[in-house]
Amino acid sequence: MNHLVKNIGIYTLSNVLNASIPFALLPILTNYLSVSDYGIITNYNALINLLIPFVGVNLMSSLQIVFVKRKEDIGSYITSGLFMNLTIALAVSVLLFIFRESLFSITGIPIQFIYLTAIYASYNNVVEVLLSYWRMEDKAINYGLFRIARTLTELSIAVILITAYDFQFEGSIHAISISYGLGALVALIIMFRKGLIHLSVRFDHIKHLLLFGLPLIPHVLSSVAIMYTDKLMLSAMINIEANGIFSVGFMVGQVIGLIQNSFNQAWVPWVFNVLKKNDEKDKSKIVKYTYYYFVGILLLTL
C-alpha cells in the first residue's frame, strides 16, 4: 500500500507539473496569439488525438497484458507493434491527402499541416509505448521526468517561435511536431539499449495486437469525442474564434482530470501485480481501495 501511495504521489506531481507548464504560459501565449490561432491549435490537437487510436491500435494497453503474462516476448511484441503502427500511419496519410479539402473546411487547419498528422500521431505512440513500459516496471520517476522534459521542449520551442520569430499558430504546431519527433527518437534509443527493439517482426504478435486493440478503439474514441467534439462543433457551427475562447477556458477546468489520471497510472500496474498472486484477501483490498478512491475523488471535486 505504501508503494502504491508513493507512486500516486509521483504521478500526481509529474502530471501537475506537466500540465502547469502550458497553464503558466497561458498569459504569454494569449497575448501573442489570436483567438482563431487558439482555435486552430485546438483542432490540430483534436485531429491528432482522433488518429492516435487508429494508428496505434492501443498498443500501450495490450503491452500491459503481455508484460504480465509473457514478459519474455515483450521486445518482439513492441517491435512488431511499432512496425504495424508505422504501416498504418502511412496508409492513413494517404487517406488524409484524399480528404484534405473536407478536413480543412471542418477544422480550419491549413492543408500543409493535415498531410502529416498521422506521422505525428505515430510519434506520440512511440513515446507512449516507452512510458507504458516504465509504468509497468514501476519506474514512476523515469515516467515523470520524460513527460516533463518533452513538454518543456514543446513549450520552449513554441514560445521562441511565437514571441521571437512572430510565428502564429504555426509556432505551436511546429513545436508539437518537433518535440514529439525528438521524444520518439529518444524513446527508440532507450528501448533499443534495453533490448526492446528487435530486427524481426512476428505476425502472431500483430494478430494478438489487432484482436486486443481493435475492439478498444471505440472506447478510446469516446474519450477523445468527449474532449474535442464540442470544440469541433463550435468551429463548424459558429467560427474558429469561438472555439479559441472556449478552449482557453476549458484548460482552466481540467485540474480534476489530472488527479484522476495520476491515480489510474499508479493503480493499473499495482492491480495487475496483485491479481497475479491470486489471493482472495488481496482482491478484497482492491475493492476496498476502489471505494476509498470514489469517496476521495468526490471530495476533491467539491
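A residue is taken as buried when its relative accessible area is under 20%. In the predicted model described here, S179 meets this criterion, with a relative accessible area of 2%. S179 is placed in helix α10, which spans residues 169-193. Its side chain has a polar atom 2.9 Å from the backbone oxygen of A175, and the backbone oxygen of I176 lies 3.2 Å from a polar atom of that side chain. An α-helix has 3.6 residues a turn, so residues three or four places apart point the same way.

Burial also characterises helix α3, formed by residues 35-56. Of its 22 residues, 17 are buried, so α3 is largely enclosed by the rest of the structure. The distance from the first C-alpha of α3 to the last is 32 Å, close to the 32 Å expected at 1.5 Å a residue. Just after α3, the backbone at V57 adopts a positive phi of about 50°.

Helix α15, comprising residues 280-301, likewise contains 22 residues and reaches 32 Å between its first and last C-alpha atoms, a span close to the expected 32 Å. Residues D282, I286, Y289, Y293 and I297 of α15 are buried. These residues cover an arc of only 75° around the axis and therefore lie on the same side of α15. On the face turned away from this buried side, α15 carries the exposed residues E280, K281, Y291, Y292, L298 and L299.

E280 also takes part in an ionic contact within α15. The side chains of E280 and K283 meet in a salt bridge, with an N to O distance of 3.7 Å. The two residues are three positions apart in α15, about one turn of the helix. E280 is exposed at 55% relative accessibility, whereas K283 is partly exposed at 28%.

Six salt bridges are found in a search of the whole structure. Side chains of opposite charge can pair when their charged atoms come close. In the pair formed by D204 and R202, the N to O distance is 2.7 Å. Both partners are partly exposed, D204 with a relative accessible area of 40% and R202 with one of 31%. A further salt bridge joins D230 to K231, with the closest N and O atoms 3.6 Å apart. Here the partners fall into separate accessibility classes: K231 counts as buried at 3% relative accessibility, while D230 is partly exposed at 25%. In addition, E137, K139 and K194 are linked in a network of salt bridges.

Nonpolar side chains are also found at the surface. V94, L95, F97, I98 and F99 form a nonpolar patch there, with about 500 Å² of accessible area together. One of these residues, F99, lies in the loop between α5 (74-98) and α6 (100-107). F99 has a relative accessibility of 48% and is accordingly classed as partly exposed.

Key:
Residues are numbered from 1 along each chain as its sequence is written. This is a predicted model: local features need pLDDT of at least 70, side-chain atom pairs count only at pLDDT 80 or more; totals for chains, interfaces and linings use all residues. Side-chain values use heavy atoms; hydrogens and water are left out. A salt bridge is a side-chain nitrogen of Lys or Arg within 4 Å of a carboxyl oxygen of Asp or Glu. Buried means under 20% relative accessible area, exposed over 50%, partly exposed in between (1.4 Å probe, protein chains only). Helices (H or I, at least four residues) and strands (E, at least two) are DSSP runs, numbered from the N terminus. The expected span of a helix is 1.5 Å times one less than its number of residues. Patches are made of residues with over 30% relative accessible area and no salt bridge: like charges are joined within 9 Å, nonpolar side chains (Val, Leu, Ile, Met, Phe, Trp, Tyr) within 5 Å. Accessible areas come from the Shrake-Rupley method with a 1.4 Å probe; for residues, only the protein chains shown count as cover. The arc is that of the directions from the helix axis to the C-beta atoms. A polar contact is a pair of N or O atoms within 3.5 Å; within protein, one must be able to donate a hydrogen and the other to accept it, and residues adjacent in sequence count only if both atoms are side-chain atoms.
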